[in-house]
Amino acid sequence: MTTVPDVTLNNGVRIPQLGLGVWQVDAGDVVDVVRTAIETGYRSIDTAAAYDNEEGVGEAIRASGVNRDELFVTSKLWNGDHGYDSALRAFDATMERLKLERLDLYLIHWPLPMHDRYVSTWKALERLYVEGRVRAIGVSNFQESHLQRLMDEGGIVPTVNQVELHPRLTQAALRGFHAEHKIATEAWSPLGQGKLLNEPTLTKLADATGRRRRR
Ligand SMILES: NC(=O)c1ccc[n+]([C@@H]2O[C@H](COP(=O)([O-])OP(=O)(O)OC[C@H]3O[C@@H](n4cnc5c(N)ncnc54)[C@H](OP(=O)(O)O)[C@@H]3O)[C@@H](O)[C@H]2O)c1
């Protein structure tokens, strides 16, 4: 059983530093996948409306036997649901699929600046947060200009920006901006979707921690 350290977000909520993402996990497999992950020691599960497997994630969480307070569940609002009212409806639909009392983290999946509705979408997430329906709100794939605009026009600084991050895409400037504004950087595809397993930075880390790939 592995234990994972926490990261404290800017609103005091703690998120496990390592989580399991279920992008591309078939709905038919996701219950077993999440159950196995929880048995192994994972406490953070990252899904999204677009992954089409929220029902199974919720089922595995409810059946896990682990106290709900020890688990951290993230979901994300998909692109077609931008806008204040649409975002509120999308959140309700996500919660109906998950069948959980509350969500730990809700993210805007992409900023879609061409549609220019991410600020009104963020206002809906702020409302969900203020109403206590979600413990933390954040964004994904936002660039510095999008974050700056949210902070200029919104009231709440995002807790998290989940972005592609690995040794071939280190996002140094964006991470600097995050640090300045107390936004946690969360990595997606930290292994470059499995293509970076022989990357020297990763093999050195794997050797140093005794976790060299076996297959
Ligand atoms: N916010 C966003 O826009 C966004 C976008 C992408 C992902 N995400 C999130 O980030 C999560 C992680 O992304 P990711 O799946 O791309 O992460 P990743 O960790 O970079 O890649 C995972 C893949 O690496 C391969 N892999 C891992 N360990 C391996 C090993 N020991 N030997 C051989 N292959 C190995 C597997 O590929 P095979 O399955 O081919 O074996 C696995 O599916 C997603 O599930 C999702 O939750 C978010």
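For my own bookkeeping, Ala, Val, Leu, Ile, Met, Phe, Trp, Tyr, Cys and Pro count as nonpolar, Asp, Glu, Lys and Arg as charged, and the others, Gly among them, as polar.

**Ground rules.** I am working on a predicted model, where local features need pLDDT of at least 70, side-chain atom pairs count only at pLDDT 80 or more, and totals for chains, interfaces and linings use all residues. Residues are numbered from 1 along each chain as its sequence is written, and side-chain values use heavy atoms, with hydrogens and water left out.

**Entry 1, a pocket.** I looked up the second largest pocket (an open set of points on a 1 Å grid over the protein atoms alone where a 1.4 Å probe fits, with protein on both sides within 12 Å along at least five of seven lines; lining residues have an atom within 4 Å of a point). Its volume, the space filled by probe spheres set on the points, comes to about 170 Å³. The lining divides into four nonpolar, one polar and six charged residues. Among them I noted R14, R43, D69, E70 and R135.

**Entry 2, salt bridges.** I counted a salt bridge when a side-chain nitrogen of Lys or Arg is within 4 Å of a carboxyl oxygen of Asp or Glu. The structure holds 13 of them. K76 pairs with D46, with the closest N and O atoms 2.5 Å apart. This pair links distant parts of the chain, K76 being in strand β5 and D46 in strand β4, 30 residues apart. For strands I took DSSP runs of E, at least two residues, and for helices runs of H or I, at least four, numbered from the N terminus.

Then I checked burial (buried is under 20% relative accessible area, exposed over 50%, partly exposed in between, with a 1.4 Å probe and protein chains only). K76 is buried at 0%, and D46 is buried at 10%.

D32 and R35 also form a salt bridge, at 2.8 Å. Both sit in helix α1, three residues apart, about one turn of the helix. D32 is partly exposed at 42%, and R35 is partly exposed at 39%.

**Entry 3, a glutamate without a partner.** Which side chain of opposite charge is nearest to E186? I found K76, 7.3 Å away, and E186 is buried yet has no salt bridge. Lys and Arg count as positive here, Asp and Glu as negative; His and the chain ends are not counted. E186 lies in strand β9. Its contacts (heavy atoms within 4.5 Å) include D46, N161 and Q162.

How values were computed. Lists of a residue's contacts leave out its neighbours within four places in sequence.
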